[in-house]
Amino acid sequence: MNDYGLVRVASAVPEMNVADVDFNVEKIMECVADAIRKRASLVVFPELSLTGYTCADLFGSELLLDASDRGLLRIADFSADKDIAIVVGAPVRHRGHLYNCAVVVFRGQMWLVPKSYLPNYKEFYEKRWFSSADNSVNVASVTIGGRECAFGRNLLFRSGKLVFGVEICEDLWVPIPPSSVAAINGANMILNLSASNEVIGKHKFLVNLIKHQSNQCIAAYIYSSSGYGESTTDLVFAGNAIISENGNILKSGERFSMKSQVVVADVDVEALENERRINESFGDSIRDFARHYECVDLDLPRLDYDDKVKLERKIKRTPFVPTDDVRLNARCEEIVNIQTEGLMRRLHAIHCDALVVGISGGLDSTLALLVAAHAFDRLGLDRKGIYGITMPGFGTTDRTYTNAVEMMRRLGVSVREIPIAAAVKQHFKDIDHNASVHDVVYENSQARERTQILMDYANKVGGIVLGTGDLSELALGWATYNGDHMSMYNVNNSIPKTLAKDLVKWFANTVYRKDQEISHILNDVLATPISPELTPADDFGQIKQKTEDLVGPYELHDFFLFNMIRYGYRPRKLYLFAKTAFKGEYEPDVIKKWLKVFVRRFFMQQFKRSCLPDGPKVGSVSLSPRGDWRMPSDAAASLWLKDCDSL
């Protein structure tokens, strides 16, 4: 393990011949060498990989079982000077019983974990040859070739933060798999040695089962099953190498391959442990499933990630946004429904049929207006009850003004235009501020004037103010306190900027796909630079004040936000992952610069998040002080900034 909380694991599917132990051992050792070249700390092989799963009544042959024992000793001797844990499958004899075992081999030592559940239905006949782990409850060790080896299904293996348990094939398919109990008792990684044959539809079910189990266990799940070389007398084996983590497939190998394959991935044990600490129900399960496990300490090698070591895991560049269109469209529809229902319920609960929204022609206010129209339609209310107010100021451009007015007109809401320049100039006079000084007073005075108009107009029409600020702005504190920071209800409070774009695009391509005028306006909003428009435009009337030039790219900040809040990553790990996710787009020094900005602003601006308006949670990351994020406003950022400085 290393400071990043990652461990590199491998799932191997070797070439093999049924009952040809010497051949199989050679291929296993070749795969181990490949896993070492790929810098894995742990490699898992299929069930009964020394002999083959389909030996059938040959498992009654002493000749085959002796050869298997010798093969295990060869692998143990081979491992003596290797910094990798090797987990193979083999038949093991003890006091009149034959056990289907996973054998953990590390630096010349062996530990044996017997299979608990033996399938004996349809094409499976394992009880014909093997005994269940239930028949070994009083067995603590087994001797193989004169070497005494710890034996039992109550073995866990630990190296730093990594704790792994082992189960075998059918163990996964029962109502309460051994891996579930092992996970509750501390295992954050499960290895499964399998020999699952292929039939129509089974593979998809298997993958879903592995994803589900890794998610239920909040663990990594490393699966290896028999492939080419097993007997095809009645069955065919495709060779599955699958590495899953908390419900997600990190890597999978090629099925139906004739050649050996070794699939590697970096498992994030630190993220799994963080998830378990947050999910208290997981820890509470120990009340019903506490078991005694013997924990074996293994000193697995630490992998130090630098520019020469590539991360063997996909890092999502946009963690809030699915990458494929089908999932993205489904996600957008679900989020809009959550936003809409939240607003509907609030309006219904307070017996309100009037809504006031400040419309700037920018991304966030556009999204809020679209959701408001959607909510009114579903409630059967006249859209004229939505009062869209555009409030041009010193920095308003023709482009955003036109988009705001035309969008409101086309959506059929009540349009109001209330310029703020005169009122703000009077305010500058009142507080003795020089209007030519474009500082924070100049900017925030406009934001607060707009909020005052919205609040008072809501009183006038008997409505409420709908907030428009988003999650990314809340994280950075990019909102004027008691200005655009405040409303009576905010449908965007857990929508990050990177996702807001796709939601507006979804409205353009689905709800309003047949209305070319609205679609055109929405697409132009998407193409408009993000800006609060609080300072004057340039000489050509174009937006001069661009938010991302000031606080940094939102795609980077959303990346930092998601991974810091969701998984508790420290800056050093955020930096490592960001370099991988944004390679070729941002130089490391640029990532480092904006990471430090993010950390500093996130800590300094907590006071704004401590008094947020109500609004619906839509994803796993939210900063609501009532639901998800409780942090003192005066918490020191020194630890995090020091970690940034050490990069």
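Contact here means that heavy atoms lie within 4.5 Å. The exercises below concern a predicted model.

**Exercise 1. Describe the surroundings of Lys202 and determine which side chain of opposite charge is nearest to this residue.**

Step 1. Locate the residue: Lys202 belongs to helix H4, which covers residues 202-216.

Step 2. List the neighbours. Leaving aside residues up to four places away in sequence, Lys202 is in contact with Phe124, Trp173, Ser196 and Asn197.

Step 3. Examine the charge. Glu123 is the nearest side chain of opposite charge, at 5.0 Å. A salt bridge requires a side-chain nitrogen of Lys or Arg within 4 Å of a carboxyl oxygen of Asp or Glu. Lys202 is buried and yet has no salt bridge.

Step 4. Look for polar partners among the neighbours. The side chains of Lys202 and Ser196 are joined by a polar contact of 3.0 Å. In addition, a polar atom of the Lys202 side chain lies 3.2 Å from the backbone oxygen of Asn197.

**Exercise 2. Determine which parts of the chain are tied together by the salt bridge between Glu26 and Arg74.**

Step 1. Check the distance: the closest N and O atoms of Glu26 and Arg74 are 2.5 Å apart.

Step 2. Assign the elements. Glu26 is in helix H1 (residues 21-37) and Arg74 is in helix H2 (residues 62-79), so the salt bridge ties together parts 48 residues apart in sequence.

Step 3. Consider accessibility. Glu26 is partly exposed at 36% relative accessibility, and Arg74 is also partly exposed, with a relative accessible area of 31%.

Step 4. Place the pair in context: a search of the whole structure finds 44 salt bridges. Another of them joins Asp34 to Lys38, with the closest N and O atoms 3.5 Å apart. Lys38 is partly exposed, at 31% relative accessibility.

**Exercise 3. Analyse the salt bridge between Lys573 and Asp268, and establish whether each partner is buried or exposed.**

Step 1. Confirm the pair: the closest N and O atoms of Lys573 and Asp268 are 2.6 Å apart.

Step 2. Trace the elements. Lys573 lies in helix H18 (residues 571-581) and Asp268 in strand S14 (residues 261-268), so this pair connects parts that are 305 residues apart in sequence.

Step 3. Apply the cut-off for burial, which is under 20% relative accessible area. Lys573, at 1% relative accessibility, is buried. Asp268, at 0%, is buried as well.

Step 4. Extend the view to shared partners. Lys161, Asp268, Glu270, Arg570 and Lys573 are joined into one network by salt bridges that share partners.

**Exercise 4. Leu48 and Lys122 each have a positive phi value. State where each residue lies and whether it is buried or exposed.**

Step 1. Consider Leu48. Its phi is near 50°, a positive value in a residue other than glycine. Leu48 sits in the loop between strand S2 (42-44) and H2. With a relative accessible area of 0%, Leu48 is buried.

Step 2. Consider Lys122. Its phi is likewise near 50°, again in a residue other than glycine. The loop between strand S5 (109-114) and strand S6 (141-144) contains Lys122. At 72% relative accessibility, Lys122 is exposed.

**Exercise 5. Find the separation between the C-alpha atoms of Arg327 and Leu526.**

Step 1. Locate Arg327: this residue lies in helix H8 (residues 325-349) and is partly exposed, with a relative accessible area of 43%.

Step 2. Compare sequence and space. Arg327 and Leu526 are 199 residues apart along the chain, and their C-alpha atoms are separated by 21 Å.

How values were computed: Residues numbered from 1 in each chain as written. Predicted model: local features only at pLDDT ≥ 70, side-chain atom pairs only at ≥ 80, totals over all residues. Heavy atoms only, no water. Helix = DSSP H or I, 4+ residues; strand = E, 2+ residues; numbered from the N terminus. Buried < 20%, exposed > 50% of the residue type's maximum accessible area, 1.4 Å probe, protein only. Lys, Arg positive; Asp, Glu negative; His and termini not counted. Polar contact = N/O pair within 3.5 Å; in protein donor to acceptor, adjacent residues only side chain to side chain.
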